[in-house]
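Colleague: I'm new to this one. Could you walk me through it, one question at a time?

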Amino acid sequence: TRRVVTRLGLLAVPLLVLQDVGRSAPAIALGWQDRLVGRALLVSGPLNLFLLVAAAALGLLVVYMQRERDNAVLQATLQAELASARLQTLRLQLNPHFLFNALNSIASLVHSDTAKADAAVAALSSFLRGSLAVTRGEETTLENELRLVDAYLEIESLRFEWLTVDLDVPDAWRSACVPAFVLQL
């Protein structure tokens, strides 16, 4: 901005002289004015210079504000993308660990309790199907999130037989939008 103001200052004086000469040239050519050109420049020059600098300052202010707004939008976009990437990374870290534990639990039940193993496979299938459907968007309904939690808890209860969870969620809240996997993190 300092270079722009310096250039404007260097251009302003010749522009003001040309403007005054251009305005006074017809009067001088017709002989109506002789030496009033210099006086008119002295009288109107400072005002014209002020107006020119004020207009340039206003233009610079508009450009600066637009750049600041664009930078704020870009920064907000980058923050949102960073949060999304962190959430996706967390999902990728949690899912394999949970999957391996669930498969190990199912493998241990296959020979001893096939009915529980079947239920666990169904719960795991339901959980994975729901998890993959949710990764397409950033939000889901609380109802969908609770279904995933139920499937998750069903599998975990195979590993930890002492685990009991009671979910008491009002029906009015079930249609609310929540971040995906918010209850499991």
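Colleague: Which element has the lowest mean pLDDT, and which the highest?
Modeller: Keep in mind that this is a predicted model, with a mean pLDDT of 75 over the protein and 69% of the residues at 70 or more. Where pLDDT is low, the coordinates shouldn't be read in detail. Among the elements, the lowest mean, 68, belongs to helix α1 (residues 2-29), and the highest, 81, to α4.

Colleague: Okay, and in what order do the elements run from the N terminus?
Modeller: There are 4 helices and 2 strands to place. Starting at the N terminus, the order is α-α-α-β-α-β.

Colleague: What percentage of the residues is buried?
Modeller: Let's start with the outside: the accessible surface comes to about 13400 Å², and carbon and sulfur atoms account for 64% of that. To count as buried, a residue needs a relative accessible area under 20%. Of the 185 residues in the protein, the buried share is 22%.

Colleague: Which element gives the largest share of the largest nonpolar core?
Modeller: That core has 13 residues, and the ones touching the most other members are Phe98, Leu124, Phe127 and Ile155. Two or more residues each come from α2 (36-112), α3 (114-134) and α4 (142-159). The largest share is 5 residues, and the element giving them is α3.

Colleague: Let's zoom in on Phe98. Which residues does Phe98 touch, leaving out those up to four places away in sequence?
Modeller: Phe98 is one of the core members that touch the most others. With sequence neighbours up to four places away left out, the residues Phe98 touches are Leu124, Phe127, Tyr152, Ile155 and Glu156.

Colleague: Glu156 caught my eye there. Is Glu156 buried or exposed?
Modeller: Glu156 sits in helix α4, and beyond four places in sequence it touches Phe98 and Leu163. The relative accessible area of Glu156 is 8%. The cut-off is under 20%, so with 8% Glu156 is buried.

Colleague: What about Leu158: how far is its C-alpha atom from that of Ala102?
Modeller: Leu158 is also a residue of helix α4. Not counting residues up to four places away, Leu158 touches Leu109, Lys116 and Ala120. Leu158 and Ala102 are 56 residues apart along the chain, yet the distance between their C-alpha atoms is 8.6 Å.

Colleague: For the protein as a whole, what percentage of contacts between residues at least 6 apart in sequence join residues at least 24 apart?
Modeller: Take the contacts between residues at least 6 apart in sequence as the full set. Those joining residues at least 24 apart make up 73%.

Colleague: On to charges. Which residues are linked in a network of salt bridges?
Modeller: Opposite charges on side chains can pair when the charged atoms come close. The whole structure has 4 salt bridges. One of them joins Arg69 and Asp70, at 3.5 Å from N to O. The network, though, links Glu143, Arg147, Asp171 and Arg174.

Colleague: How many residues apart are Arg147 and Glu143 in helix α4?
Modeller: Their side chains form a salt bridge, with N and O 3.9 Å apart. Glu143 is partly exposed, at 26% relative accessibility. Arg147 and Glu143 are separated by about one helical turn, because along helix α4 their spacing is 4 residues.

Colleague: And where is Arg174, the other partner of Glu143?
Modeller: The closest N and O atoms in the salt bridge between Glu143 and Arg174 are 3.2 Å apart. That pair links distant parts of the chain, 31 residues apart, with Glu143 in helix α4 and Arg174 in the loop between α4 and β2 (177-179). Arg174 has a relative accessible area of 23%, so this loop residue is partly exposed.

Colleague: Last one: which residues make the nonpolar surface patch of about 520 Å²?
Modeller: Begin with Leu58, whose place is in helix α2. Exposed means over 50% relative accessible area, so at 53% Leu58 counts as exposed. The patch is made by Leu58, Leu61, Val62, Tyr64 and Met65.

Technical notes. Residues numbered from 1 in each chain as written. Predicted model: local features only at pLDDT ≥ 70, side-chain atom pairs only at ≥ 80, totals over all residues. Heavy atoms only, no water. Core = buried A, V, L, I, M, F, W, Y, C linked by side-chain atoms within 4.5 Å. Buried < 20%, exposed > 50% of the residue type's maximum accessible area, 1.4 Å probe, protein only. Contact = heavy atoms within 4.5 Å. Patch = residues over 30% accessible without salt bridge, like charges linked within 9 Å, V, L, I, M, F, W, Y side chains within 5 Å. Areas by Shrake-Rupley, 256 points an atom, 1.4 Å probe, with all protein chains shown as cover. pLDDT = per-residue confidence, 0-100.
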